[in-house]
Amino acid sequence: MTHYYDMELCNYHDGAFDYNNWNCPLLTIGWLEKGKNYTKGSNFPFDLRDRIAFLRFAFSEKFPSILFRGYHECSLCKLDINHDATLYHSHVNLFVPDEKNVYVIPGRVDHYIEEHNYQIPNEVIKAIMNCPDPRTDDFKNLVKKVNNNSSSPLY
Ligand SMILES: [Zn+2]
């Protein structure tokens with residue numbers, strides 16, 4: 001995985017992963033890599049983990065075209081050779097809208113939160129908790145609205 005700091009414009013790949021194809025900011029959240037600084041903290045609502053797991057499942061079902069091939073290994077875990085660094089289901093990425101932006105979030109961001117004390121920004125916690133089921137029209141309509149009422153690479 002490529003490293004990004006939080007709130008950078010995403011140009012990881014073509015299609016939905018390239019901010020040039022969106023009419024709103026497409027911002028990276030939780031693209032952590034060994035040797036790069038990230039914000040640490042402990043503000044995690046108890047149900048955030050379940051919400052991330054649900055969204056991971058729903059995104060993989062609804063948008064198979066944005067799945068990566070294979071699982072990513074956590075480079076922070078790889079510092080410990082006795083630790084299995086494979087992140088299961090890490091081929092999924094979440095596209096989570098708020099009022100102005102769409103956040104691209106690795107599907108296993110919960111691992112960074114739980115194992116590496118990553119502090120995901122408060123406004124992104126809010127967006128994740130409020131994100132409609134990606135399989136519904138509510139989600140489709142919200143993405144369209146945030147994307148300046150235009151179609152996005154997701155649809
Ligand atoms: Zn790790």
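Among amino acids, Ala, Val, Leu, Ile, Met, Phe, Trp, Tyr, Cys and Pro count here as nonpolar, Asp, Glu, Lys and Arg as charged, and the others, Gly among them, as polar. With these classes in mind, the tour may begin; note that the structure is a predicted model.

**First stop: the largest pocket**

Select P97, D98, E99, E123, K126, A127, N130, C131, P132 and L142, the residues that line the largest pocket. The space inside this pocket amounts to about 190 Å³. Coloured by class, the lining shows five nonpolar residues, one polar residue and four charged residues. Now add helix α3, residues 122–130, to the display: with four residues, α3 gives the most to the lining of the largest pocket.

**Second stop: I125 in helix α3**

Remain on helix α3 and select I125, which has its place there. Is I125 buried or exposed? Its relative accessibility is 6%, and I125 therefore counts as buried, since the cut-off for buried is under 20%. Next, select M7 as well and draw a line between the two C-alpha atoms. I125 and M7 are 118 residues apart along the chain, and their C-alpha atoms are separated by 14 Å.

**Third stop: strand β2**

Return to P97, one of the residues lining the largest pocket, and extend the selection to the whole of strand β2, residues 93–97. Five of the five residues of β2 are buried, so this strand is largely enclosed by the rest of the structure. In a regular strand the side chains alternate between the two faces of the sheet. Display the side chains of β2 to see which way each points: N93, F95 and P97 point one way, L94 and V96 point the other way, and all are buried.

**Fourth stop: strand β3 and its partners**

Follow the chain from β2 through the hairpin of four residues that joins it to β3. Strand β3 covers residues 102–106 and runs antiparallel to β2, with five bridges joining the two. To see the pairing, select N93 and P106: N93 stands opposite P106 in β3.

How many of the residues of β3 are buried? Five of the five are, so β3 is largely enclosed by the rest of the structure. Both of its faces are covered, with V102, V104 and P106 buried on one side and Y103 and I105 buried on the other.

Now select strand β1, residues 26–28, which three bridges join to β3. Strands β1 and β3 run parallel. A useful pair to mark is L26 and V102, since L26 stands opposite V102 in β3.

**Fifth stop: P25, before strand β1**

Select P25, in the segment before β1. At 33% relative accessibility, P25 counts as partly exposed. Add V146 to the selection and compare the positions of the two C-alpha atoms. P25 and V146 are 121 residues apart in sequence, and the distance between their C-alpha atoms is 9.3 Å.

**Sixth stop: the zinc ion**

Centre the view on the zinc ion. Which residues coordinate the zinc ion? They are C74 and C77, each through SG, and H111 and H116, each through NE2, at 2.0 to 2.3 Å. Along the sequence, these donor residues follow the spacing C-x2-C-x33-H-x4-H.

Turn next to the angles at the ion. The four donor atoms subtend angles of 102 to 119° around the zinc ion, which makes the arrangement tetrahedral. For comparison, ideal angles at a metal are 109.5 degrees for four tetrahedral donors.

Select the two cysteines by themselves. C74 counts as buried because its relative accessibility is 0%. C77 is buried as well, with a relative accessible area of 6%.

**Last stop: two asparagines with positive phi**

Most residues other than glycine have a negative phi. Select N117, in the loop between α2 (109–116) and α3. Phi of N117 is positive, near 55°. At 44% relative accessibility, N117 counts as partly exposed.

Finally, select N149, which lies in the segment after α4 (137–146). Phi of N149 is near 55°, a positive value in a residue other than glycine. N149 is exposed, with a relative accessible area of 58%.

Note on methods
Residues numbered from 1 in each chain as written. Predicted model: local features only at pLDDT ≥ 70, side-chain atom pairs only at ≥ 80, totals over all residues. Heavy atoms only, no water. Donors = N, O, S within 2.8 Å, 3.2 Å for Na, K, Ca; no water. Tetrahedral: all angles 85-135°; square planar, octahedral: opposite > 155°, others 65-115°. Buried < 20%, exposed > 50% of the residue type's maximum accessible area, 1.4 Å probe, protein only. 1 Å grid on protein atoms, 1.4 Å probe; cavity = no way out; pocket = protein on both sides within 12 Å on 5 of 7 lines; lining within 4 Å. Points joined across faces, edges and corners; volume = space filled by probe spheres on them. Pairing = 2+ DSSP bridges.
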